[in-house]
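Colleague: I'm new to looking at protein models, and I'd like to learn how to read one. Could you take me through it feature by feature?

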Amino acid sequence: MVCILQSATIGIGSVLFVILVLAPTVSCRDESQIGVWPAPVSSVCTGSTPRFLSRSFSITSTASVPSFISRRYMSAIRGVVSQANQWARKGDKEAIKGTVITISQIKIPDRAPSPEGYTIAINKNTVTIHAASNAGIVYALETFLQVMASGKIPCKSFEIKDAPSLQHRGLSIDIASRYLDLSTLRALLDTMPALKLNILNLHFSDYGAIRIRTSNSDLTDDLNGMYPRRTIQRLQQYASERAVTIVPDIEIPTHASGFKASELASFCKSPEPGLVDSVLNDDTSTMGLVNDTINELSDIFDSSHMFFVGGANVDKDNGNCTADNLQSVLLKAVDRAQVYGNKEPAVWDTANNAIPYLQKIKSTVFVRPSAVGIPSKNSVVLSGYRSENASTPSFPVM
């Protein structure tokens, strides 16, 4: 018996509240399958006789693999097998005795070299994993957990090869609009490796709140929840152990009413009630506050490849502020993130389209599903607005 899974070309973008998913294409010659999702680049399962894990099963390595990875997945694997009561019988010569991890550069067909790639296969009585980094090891062990979903390996032998087709596979959570406690964020991070998601954008700045405590700790009108600096730093460590990078999202110059608690901030005078004190003015005092905030956030977050600075609706005038005023605020924020924090800026598609400079520098563009004609040579991330997501049946709202 041979069962082959071949992945279709799909994308998982960084989205607000939703994940766009497509089912993998499966082709099998009989009913025995390896149920792995997202579908790997290739998966071959041979022999209809299942394999069972020995009670002495262990995870070892030929290189230095962090102990927290081995401990977490040993516990998870043992839990799955014990719950299903599928341990190998005493004297079973086909029992799988352990997993051996080797750190090495690997080549995956139809994929560019990636530190997140891995191979996993059965070699006699051992499951062997080859990966180029801790992230690859995490993904390989997550895949093995899925293979073991029934408590046993569903075939005599298998080989899986996988590497990402997309560098950014993420989820963005609007914690400005709704505070989430630390246990909820940790539970979310626990689930992300199973889906091979590697970026968590924390959208902590929006109407009425800036949730991360800085030296300007009064930057919120909503006192229901703020995240101290030490809490965010510990959360980043927790995420890193799960091959996830946390990226900060701040919304500038619009959606910025969280700044109004500071006497240093001034705002555009808008005739629309919902926009009063929510669009930052382009003056020395306000920009000093914005720069100090970005400086502190750059120090708090260790992600070097991205800092989301917003730019929603900077393509049009707002009250007594022109589009040029709004774009000036955004560009100064972009410059601060680049120069002080050595971060790659990320902006909304409306900002990218309106400001030619953003199309020339190294940046990332967050694109709504309805957007068209994105003039950029840079990375593009499929994203979305809640109103659009809610009206799109194929986007499950979380």
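**Reading the model, piece by piece**

Modeller: Let's start with a single link: the side chain of Asn198 makes a polar contact with the side chain of Glu116, at 3.2 Å. Keep in mind that this is a predicted model.

Colleague: Where does Asn198 sit in the chain?

Modeller: Asn198 is in the loop between helix H3 (182-191) and strand S11 (199-203).

Colleague: And is Asn198 buried or exposed?

Modeller: Buried means under 20% relative accessible area. Asn198 has a relative accessible area of 7%, so it counts as buried.

Colleague: Which residues is Asn198 in contact with, leaving aside neighbours within four places in sequence?

Modeller: Among them are Glu116, Tyr139, Gln167, His168 and Arg169. Let's pick out Arg169, because its side chain also makes a polar contact with the side chain of Glu116, at 3.0 Å. Arg169 belongs to the loop between strand S9 (157-162) and strand S10 (170-173). With a relative accessible area of 8%, Arg169 is buried.

Colleague: Okay, now zoom out for me. How many helices and strands does the protein chain have?

Modeller: There are eight helices and 18 strands in the protein chain. Of its 398 residues, 52% are buried. Now take the contacts with a separation of 6 or more: 72% of them are accounted for by residues 24 or more positions apart. The accessible surface comes to about 17,700 Å², and 51% of that belongs to carbon and sulfur atoms.

Colleague: How do I read a helix?

Modeller: Here's the general idea: an α-helix has 3.6 residues a turn, so residues three or four places apart point the same way. Now try helix H1, residues 67-84. At 1.5 Å a residue, its 18 residues should span 26 Å, and the end C-alpha atoms are 26 Å apart, which agrees.

Colleague: Which residues of H1 are buried?

Modeller: Ile69, Ser70, Tyr73, Met74, Ile77 and Val81 are the buried ones in H1. They cover an arc of only 115° around the axis, which puts them on the same side of H1. Arg71, Ser75 and Gln83 are exposed on the other side of H1.

Colleague: What do the buried residues of H1 pack against?

Modeller: They pack against strand S5 (53-61) and helix H2 (134-147). Just after H1 comes Asn85, which has a positive phi, near 55°.

Colleague: Can we practise on another helix?

Modeller: Sure, look at helix H6, residues 323-339. Its 17 residues should span 24 Å at 1.5 Å a residue, and its end C-alpha atoms are indeed 24 Å apart. Its buried residues are Ala323, Leu326, Gln327, Val329, Leu330, Ala333, Val334 and Ala337. Seen down the axis of H6, these fall within an arc of 155°, so they line one face of the helix. Asp324 and Val339 are exposed on the other side of H6.

Colleague: So what do the buried residues of H6 pack against?

Modeller: Their partners include strand S14 (245-252), helix H5 (284-300) and strand S15 (307-310). Strand S16 (345-348) and helix H7 (349-354) are also among them.

Colleague: What about aromatic rings? How do I describe two of them together?

Modeller: A pair of aromatic rings is described by the distance of the centres and the angle of the planes. By the rule used here, the count comes to six aromatic pairs. One of them is Phe308 with Trp348, an edge-to-face pair at 5.4 Å centre to centre, with 85° between the planes. Phe308 lies in strand S15 and Trp348 in strand S16, so the pair ties together parts that are 40 residues apart in sequence.

Colleague: Are those two rings buried or exposed?

Modeller: Phe308 is buried, with a relative accessible area of 1%. Trp348 is buried too, at 4%. The rings of Trp348 and Phe366 have their centres 6.3 Å apart and their planes at 80°, so this pair is edge-to-face. It links distant parts of the chain, with Trp348 in strand S16 and Phe366 in strand S17 (residues 364-367), 18 residues apart. Together, Phe308, Trp348 and Phe366 form one aromatic cluster.

Methods: Residues numbered from 1 in each chain as written. Predicted model: local features only at pLDDT ≥ 70, side-chain atom pairs only at ≥ 80, totals over all residues. Heavy atoms only, no water. Helix = DSSP H or I, 4+ residues; strand = E, 2+ residues; numbered from the N terminus. Expected span 1.5 Å × (residues − 1). Buried < 20%, exposed > 50% of the residue type's maximum accessible area, 1.4 Å probe, protein only. Arc of directions from axis to C-beta. Contact = heavy atoms within 4.5 Å. Areas by Shrake-Rupley, 256 points an atom, 1.4 Å probe, with all protein chains shown as cover. Polar contact = N/O pair within 3.5 Å; in protein donor to acceptor, adjacent residues only side chain to side chain. Phe/Tyr/Trp six-rings, centres within 6.5 Å; stacked < 30°, edge-to-face > 60°.
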